[in-house]
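Biologist: Could you take a close look at the salt bridges for me, and at the cysteines while you're there? I'd like the pairs one by one, with how buried or exposed they are.

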Amino acid sequence: MPHIAGLTQAQVLEQRRQGHGNDIKLSTSRSYKDIILTNVFNPVNLVLYAIGGGMLLVGDLKSAFATVMLVLFNAVVGIIQEVRAKKQLDQIALLARAKISVRRDGQEQQIDPAELVLGDVLVIRSGDQIPVDGTVVGDGKMEVDESALTGESDLIAKLPGDAVLSGSFCVTGAAQVEATAVGEQSFANKLTKDARQFKLEQTPLQREVNRLLRILLLIVIFFGFLAVMALFVLKLPVSIWLQIIAVITGSVSAGLLTLITLNYSWGSVRIGQKGGLVQQINAVESLSNVSVLCTDKTGTLTANKIKFHDVFPVGVNKAELEQWLANFGASAGSTNKTSQAIIEGLPGSSRRVSDEVPFSSARKWSAIAFDDAAVKGAYVLGALEMLQEYFAVPDDARRQLADWSEQGLRVLVFARNTQVTTLHAGDDEPVLPPLELIGVVSFSDELRPHLQETLSSFTENGVKLKVISGDNPQTVAALAKQAGLPGNLKAVSGPELAHMSPGEFAQTAAEATVFGRITPQQKEALVDALRNQGEYVAMMGDGVNDVLSLKKANMGIAMESGSSATRSVAAMILLGDSFEAMPQALLEGQRIVNSIQNILKLFMVTVFALLLLVIGISFLQLGFPFTTLQSTLLSFFARGAPPLVLAAVAVAGRQKGSLTSNLLHYTLPASLLLFVFGLLVYVGVFFAVKNDLATVPISQEAIVQLGRNSDLDLSDLSPEGFIQVVSVFSAQTALTTFFVLAGLMLMVFAEPPLRWLAGGAPYSGNWLATIAAGVLLAGYVIVLSSASLRAFFDLVALPLWFHLYVLLMTGAWILVQRFVWRRLLFEKLLDIEAEVVPA
């Protein structure tokens with residue numbers, strides 16, 4: 001290959017001055033700025049900032065500070081996780097960045113691809129990736145793999161004058177390439193131009209949480225407006241008004257978001273230990289929502305390598321055939337994937353070669369002529385359709401070939417002529433003599449590690465699989481069968497899709513499993529069509545040709561060895577190109593969904609019941625359900641610890657019914673019944689004390705101290721006023737106890753250890769939540785038993801029969817709640833289709 005002088009240093013500087021350099025900065029991951037902004041200022045956090053601001057305006061500095069600190073804690077957890085992923089991705093990109101050989105000033109030099117300019121002459125050899133678009137110059141020739149760009153795995157011959165594309169790999173041969181398009185103008189960069197930025201895709205669960213917090217914000221604003229009106233119309237003392245506002249705003253705890261963020265973070269750490277790098281903190285949960293998994297073939301399902309499988313001898317014994325094939329592979333002057341598979345599968349000895357025709361994608365065969373004492377003659381290995389005119393094919397060989405092809409194997413034929421030692425004619429063109437078929441050889445594509453277990457776990461969970469590739473549809477279908485896809489696979493080609501109407505295209509996207517000869521734009525359109533049909537789509541890929549579809553999907557998954565553009569837009573990267581993390585990630589995602597669903601159930605029930613009690617008790621003019629300190633106690637025993645326990649004990653498994661139907665089935669009846677029985681507890685105790693039906697042992701000094709906790713002056717009360725205040729504190733204490741008992745029981749209902757308790761949620765048999773409820777109950781009993789702790793939380797010592805009354809009402813609530821859930825009474829009342837199996 002004669003050398004070309006290339007550009008001079010002066011010409012290089014001039015090209016760079018004119019802006020013709022290849023110094024485009026491609027993102028290998030998200031920027032630190034993007035990570036910080038999306039975690040600190042996402043929609044959910046903005047809602048909580050607004051609530052914190054409201055607390056600040058009414059003077060509740062402690063609650064405002066606690067809310068903002070919890071939000072910032074959530075943001076820090078997310079930032080730490082995503083920065084860790086960014087650093088690992090940047091390191092992968094750095095290690096994968098290779099130098100390129102270029103000729104300048106008549107000398108070959110090694111430079112960084114970013115230093116290339118328009119007109120540079122690159123020296124491309126086997127194994128090199130071509131970083132810019134160009135034209136082959138000189139008399140070199142090579143075969144390139146463009147699968148990262150087109151998805152088609154066949155090698156493409158490149159001769160002098162042929163164009164080559166950035167992102168392709170030289171597999172065999174060597175050539176010099178003059179750069180004709182660099183930077184933003186190159187093919188690979190144009191392909192990814194619109195998809196380089198990472199996209200934050202919210203999951204259904206995150207949208208549900210966001211919607212809930214917005215509703216709660218509106219409720220807080222509504223109650224705040226009523227409280228402002230009461231301040232002026234009813235002339236409430238400012239201290240009582242602030243207490244009311246503090247209890248209402250405190251009910252919308254940022255602790256909900258903290259538990260969700262911690263769930264995501266725990267999931268990311270667990271999957272990271274299995275080889276899945278999580279770039280988007282919600283990626284693990286997102287995977288559990290997937291209903292359709294689309295995947296590229298070359299480089300994703302397969303390792304872009306093949307393995308020797310077996311031989312079928314024709315007219316010779318199998319041992320002899322394997323030995324001749326082994327020597328054929330060991331003696332080849334240039335290797336490709338097929339010869340490398342033979343070398344690894346059948347170790348042989350190199351023999352004296354008299355002539356050779358290397359493999360070419362145009363010929364689809366290679367040949368070696370031996371002139372050796374041990375082996376003599378011409379041996380040919382290639383595709384049957386290109387060689388069948390040179391020999392006869394027995395029926396048994398055809399049957400074996402068809403059988404292996406049906407199994408998804410690559411099948412070649414091996415033939416020989418023992419009398420010939422040359423393979424070229426006088427004009428140096430390859431010429432084959434008449435041949436004798438001596439065997440059929442099969443090869444299998446080397447599948448990625450743990451692929452079959454992964455696909456099996458997805459199909460068992462009801463996920464539909466689709467393989468989308470630039471390869472021939474029949475080749476893709478055969479590989480899909482080898483990978484374990486079940487049933488008769490409907491295959492469609494890109495040209496067929498191109499002639500379809502939008503309706504036909506959408507129907508085919510839903511019905512077909514295998515798509516071949518697909519362009520990058522068609523991949524994106526297929527994903528878009530599936531999303532428009534309500535599917536939650538995950539896309540797996542490794543090449544530049546997959547970037548658009550990864551960006552379009554609900555969730556993108558990339559291989560570590562894939563292009564940096566692919567890794568930068570993916571939510572999860574499979575380290576070591578292994579699928580080992582995928583089944584575990586699917587289960588972990590289900591665990592996260594179940595955990596957060598339980599958290600939402602408890603949070604929504606307690607918050608909505610509390611707000612209903614505020615309305616009910618205020619309407620009856622019986623005071624206010626809780627003081628600020630009592631609300632703080634409930635924040636731990638009813639709204640804090642139970643959701644944390646449920647998050648810790650949740651297990652994997654797909655929930656029956658949709659998220660919305662599950663939440664409505666649990667929270668709507670529970671909130672209303674908790675309000676009804678809570679109101680009965682409050683009113684019953686209030687009127688018992690008010691009407692002297694029971695005596696609460698509390699002194700004037702103790703009432704004064706309780707008033708100080710809420711900034712109230714209760715030192716100068718009339719006898720009627722004293723009874724009124726004692727009635728309110730007694731009723732609040734009884735309601736607090738009822739709320740704690742109900743909150744702990746709701747935790748048990750969310751993870752029923754016995755079938756009798758199932759109804760709000762399916763039977764789980766998990767006793768951990770019940771044991772934790774017992775421990776929390778013991779903690780609350782300690783608070784009630786301690787005079788100092790009671791005083792600190794604005795609780796009073798109640799007579800024994802009041803406690804029995806609370807226990808009786810709690811038991812009645814449990815029975816009624818179970819009956820309503822199991823009979824689906826609210827669903828029937830509201831004419832809602834029941835999607836939940838009650839037990």
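Modeller: Here's a walk through the charged pairs, followed by a word on the cysteines.

Some ground rules before we start: this is a predicted model, so local features need pLDDT of at least 70 and side-chain atom pairs count only at pLDDT 80 or more, while totals for chains, interfaces and linings use all residues. Residues are numbered from 1 along each chain as its sequence is written, and side-chain values use heavy atoms, with hydrogens and water left out.

Overall, the structure has 12 salt bridges, where the term means a side-chain nitrogen of Lys or Arg within 4 Å of a carboxyl oxygen of Asp or Glu.

Let's start with Asp577 and Arg448, whose side chains pair up in a salt bridge at 3.3 Å, N to O. This one ties together distant parts of the chain, 129 residues apart: Asp577 sits in the loop between strand E21 (572–574) and helix H23 (581–619), and Arg448 in the loop between strand E15 (436–447) and helix H16 (451–460). (Helices, H or I with at least four residues, and strands, E with at least two, are DSSP runs numbered from the N terminus.) Asp577 is buried at 9% relative accessible area, and Arg448 is buried too, at 10%. For the cut-offs, buried is under 20% relative accessible area, exposed is over 50%, and partly exposed is in between, using a 1.4 Å probe and protein chains only.

Next up is Glu511 with Lys490, a salt bridge at 3.5 Å, N to O. This pair also links distant parts of the chain, 21 residues apart, with Glu511 in helix H19 (residues 502–511) and Lys490 in the loop between helix H17 (473–483) and strand E17 (491–493). Here Glu511 is partly exposed, with 43% relative accessible area, and Lys490 is partly exposed as well, at 38%.

Then there's a pair within one helix: Arg591 and Glu588 make a salt bridge whose closest N and O atoms are 2.9 Å apart. They're three residues apart in helix H23, so about one helical turn separates them. Both Arg591 and Glu588 are buried.

Salt bridges can also join up into a network, as they do for Asp296, Lys523 and Asp546.

As for the cysteines, a search of the whole structure turns up zero disulfides, a disulfide being a pair of cysteine sulfur atoms within 2.5 Å. Two cysteines to look at are Cys170, buried at 2% relative accessible area, and Cys294, buried at 0%.
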